[in-house]
Amino acid sequence: MGTLIEEWSPELVEAVRIWAGNGFTSSPQFNDSLVVERFGDDAANRLLPLVSKLYDDYHLTDALLYAESMQEQLEMAKQDFRQKYPNVPEQIVDALSRCYAFSSR
């Protein structure tokens with residue numbers, strides 16, 4: 001996917017945060033309509049496939065198989081994701097890590 005994201009725009013960072021509810025809700029929400037509301041249809045149609053791809057790629061980790069604790073699993077998942085996307089902004093990692101933590105329980 002590295003070729004699909006040539007730069008980590010502030011718009012993409014915000015779209016991930018809004019979509020995941022990071023900083024807005026007590027648990028992840030995965031809400032496409034909030035991204036549409038914030039950015040409009042055209043931008044959301046461009047952003048949401050990237051958001052979905054990043055979410056899916058984050059969950060490709062095999063940390064669950066090797067970690068001895070939830071904390072270790074979360075750290076391993078972050079490392080795996082950063083290997084795929086070395087320049088990923090920390091806000092995206094935080095938002096997706098939160099999603100992963102809720103889905104791994």
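**Group meeting: a predicted helical model**

Good morning. The model I am presenting is predicted, and across the protein the pLDDT averages 90, with 92% of the residues scoring at least 70. Within the protein, the confidence is lowest in helix α4, residues 63-66, where the mean is 91. Helix α2 has the highest confidence, at 97.

I shall begin with helix α3. This helix runs over residues 41-58. How far apart should the ends of its 18 residues be? At 1.5 Å a residue, the expected span is 26 Å, and the end C-alpha atoms lie 25 Å apart, which agrees. Helix α3 also has a kink of about 25 degrees at leucine 47, shortly before proline 49.

Which residues of α3 are buried? Among them are Ala43, Ala44, Leu47, Leu48 and Leu50. Val51, Leu54, Tyr55, Asp57 and Tyr58 are buried as well. The buried residues of α3 pack against four helices: α1 (10-20), α2 (32-39), α5 (70-84) and α6 (90-103). Please note that leucine 47, where the kink lies, is itself one of the buried residues of α3.

Let me turn to the interior. In soluble globular proteins, nonpolar side chains tend to be buried together. In this model, the largest nonpolar core has 31 residues. The residues with the most contacts inside this core are Leu12, Val16, Val35, Leu54, Phe81, Ile92 and Leu96. Helices α1, α2, α3, α5 and α6 each give two or more residues to the core. Which of the elements gives the largest share? That is α3, with nine residues.

Helix α1 deserves a closer look. Its buried residues are Leu12, Val13, Ala15, Val16, Ile18, Trp19 and Ala20, and they pack against α2, α3 and α6. Two of these residues, Leu12 and Val16, were named a moment ago for their contacts in the core. After α1 comes glycine 21, whose phi is positive, near 75 degrees.

A positive phi also occurs in a residue other than glycine: phenylalanine 30, with a value near 50 degrees. Phenylalanine 30 is in the loop between α1 and α2. With a relative accessible area of 36%, this residue is partly exposed.

I now come to the charged pairs. How many salt bridges are there? The count comes to five, and I shall describe some of them.

One pair is arginine 46 with glutamate 11, whose closest N and O atoms are 2.8 Å apart. Because arginine 46 lies in helix α3 and glutamate 11 in helix α1, the pair ties together parts that are 35 residues apart in sequence. Arginine 46 has a relative accessible area of 45% and is partly exposed. Glutamate 11, at 26% relative accessibility, counts as partly exposed too.

Another pair is arginine 38 with glutamate 14, with the closest N and O atoms 2.9 Å apart. Here arginine 38 of helix α2 and glutamate 14 of helix α1 link distant parts of the chain, 24 residues apart. Arginine 38 is partly exposed at 44%, and glutamate 14 is partly exposed at 24%.

A further pair, lysine 53 and aspartate 57, has its closest N and O atoms 3.1 Å apart. Why are these two residues separated by about one helical turn? The reason is that they are four residues apart in helix α3. An α-helix has 3.6 residues a turn, so residues three or four places apart point the same way. Is each partner buried or exposed? Lysine 53 is partly exposed, with a relative accessible area of 34%, whereas aspartate 57 is buried, with 6%.

Two further residues complete this survey. Lysine 78 lies in helix α5. Why does lysine 78 count as buried? Its relative accessibility is 15%, and buried means under 20%. Leaving aside neighbours within four places in sequence, lysine 78 is in contact with Tyr58, Val93 and Ser97. Of these partners, Tyr58 is one of the buried residues of α3.

Aspartate 62 is placed in the loop between α3 and α4. Its relative accessible area is 37%, so aspartate 62 is partly exposed. Aspartate 62 and glutamine 73 are 11 residues apart in sequence, and their C-alpha atoms are 8.8 Å apart in space.

To close, I return to helix α3: its buried residues pack against α1, α2, α5 and α6, and the helix gives nine residues to the largest nonpolar core. Thank you for your attention.

Terms used:
Residues numbered from 1 in each chain as written. Predicted model: local features only at pLDDT ≥ 70, side-chain atom pairs only at ≥ 80, totals over all residues. Heavy atoms only, no water. Expected span 1.5 Å × (residues − 1). Bend = angle between axes of the 7 residues up to and from the residue. Buried < 20%, exposed > 50% of the residue type's maximum accessible area, 1.4 Å probe, protein only. Contact = heavy atoms within 4.5 Å. Core = buried A, V, L, I, M, F, W, Y, C linked by side-chain atoms within 4.5 Å. pLDDT = per-residue confidence, 0-100. Salt bridge = Lys/Arg side-chain N within 4 Å of Asp/Glu carboxyl O.
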